[in-house]
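Here are a few exercises to work through with the model open beside you. Try each task before you read its solution.

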Amino acid sequence: MKVQLFVENAIRTNSWVVIDEETDDAIIIDCGGGYEKILDFLNTQNANLKYILCTHGHFDHIVGIVEMQKNNINVPVYINKNDEFLAYQLNDMLGILGIAGPYPKINIDNFVDETSELKIGNKNIQIFQTPGHTPGGLCFKIENLLFSGDSLFHREIGRCDLPGGNFHSLINSLKSKILTVPEQTVVYPGHGSVTSIKEEKLFNPYLK
Ligand SMILES: [Zn+2]
């Protein structure tokens, strides 16, 4: 599994590109902008982009998807139903990113939850519903890689003071689901640097 990071927009959102080297199938997990760079990268890797997963519906994680769609590049987009309302609020937030709108409404192709079956190549993607940062927050685990969105960061957790946020839900999501995965799992968050479940169990002040 190859993982490539792209950091875009005024609040430096991580967009993760994952390539299954057995099949050259690729997915994007969140897209904060700069989709041209991502598509160029996929070209150089001879990888086939299959779909885009959203860890949640916040504007800074979906703005690049809407830019793609605006330019008639259509790749299936998956999000949790409980965050649909957030994804439709993009235009209210573009000012924070210094972008002049309006943008078209995002096209969502499918809603996913813990019962959904998704694959990259022949590998299953395990889906965790982790409400708290947003009601429809998701984490995705592929082999020993966990994409945690804004639920879990390096020695930090996501903020819970935005619409639909709930601190107790987030702590419960992380303790009951995310901390149960193997300690050697590498964590790729929605902002900031890569960490591991082991490191977060030891040093994250919210999870001790
Ligand atoms: Zn967020």
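**Exercise 1. Work out how strand 9 and its neighbours pair up.**

Start with strand 9 (residues 138–142) and strand 10: 3 bridges join them in the antiparallel sense. Keep in mind that this is a predicted model. To find a concrete pair, look at F140, whose bridge partner in strand 10 is F147.

Now turn to strand 8, which pairs with strand 9 over 4 bridges, again antiparallel. Here Q129 has L138 in strand 9 as its bridge partner.

Next comes the pairing of strand 7 with strand 8, antiparallel over 3 bridges. L118 stands opposite I125 in strand 8. These two strands make a hairpin with 2 residues between them, and G121 in the turn has a positive phi of about 60°.

Finally, put the pieces together: you get an open sheet of 6 strands in the order 7-8-9-10-13-14, with mixed pairing. Strand 7 (118–120) and strand 14 (195–196) are the edge strands, each pairing on one side only.

**Exercise 2. Is N124 buried or exposed, and what does N124 touch?**

First, locate N124: it's found in strand 8 (residues 123–129).

Then check its accessibility. The relative accessible area of N124 is 54%, and exposed means over 50%, so N124 counts as exposed.

Now look for its contacts. Leaving out residues up to four places away in sequence, N124 touches L118, K119, K141 and I142. With K119 there is also a polar contact of 3.1 Å between the side chains.

For one last check, pick G101, 23 residues from N124 along the chain. The C-alpha atoms of the two are separated by 37 Å.

**Exercise 3. Find the strand order of the sheet that includes strand 1, and say which helices lie against its strands.**

Begin with the order: 6 strands form an open sheet, 1-2-3-4-5-6, with mixed pairing. At the edges stand strand 1 (2–8) and strand 6 (110–111); each has a single partner strand, so one side of each is left without a neighbour in the sheet.

Helix 1 (residues 35–44) packs on this sheet, touching strand 1, strand 2 (13–20), strand 3 (25–29) and strand 4 (48–53). Its direction makes about 20° with that of strand 2.

Helix 2 (residues 59–70) lies across strand 2, strand 4 and strand 5, and runs at about 135° to strand 4.

To finish, follow strand 5 (residues 77–79) to strand 6: the two run parallel and are joined by 2 bridges. I79 stands opposite F111 in strand 6.

**Exercise 4. Which protein atoms hold the zinc ion, and what are the angles between the donors?**

Step one is to list the donors: H56 (NE2), H58 (ND1), H133 (NE2) and D150 (OD), lying 2.2 to 2.3 Å from the zinc ion.

Step two is the spacing along the chain, which reads H-x1-H-x74-H-x16-D. H58 and D150 link distant parts of the chain, 92 residues apart. H58 is in the loop between strand 4 and helix 2, while D150 is in the loop between strand 10 (145–149) and strand 11 (152–153). Both H58 and D150 are buried.

Step three is the geometry. The 4 donor atoms subtend angles of 86 to 171° around the zinc ion. A tetrahedral site needs all angles between 85 and 135 degrees. The angles found here make the arrangement irregular.

Methods:
Residues numbered from 1 in each chain as written. Predicted model: local features only at pLDDT ≥ 70, side-chain atom pairs only at ≥ 80, totals over all residues. Heavy atoms only, no water. Pairing = 2+ DSSP bridges. Contact = heavy atoms within 4.5 Å. Axes fitted to C-alpha atoms, helices over the stretch in contact; angles between N-to-C directions. Donors = N, O, S within 2.8 Å, 3.2 Å for Na, K, Ca; no water. Tetrahedral: all angles 85-135°; square planar, octahedral: opposite > 155°, others 65-115°. Buried < 20%, exposed > 50% of the residue type's maximum accessible area, 1.4 Å probe, protein only. Polar contact = N/O pair within 3.5 Å; in protein donor to acceptor, adjacent residues only side chain to side chain.
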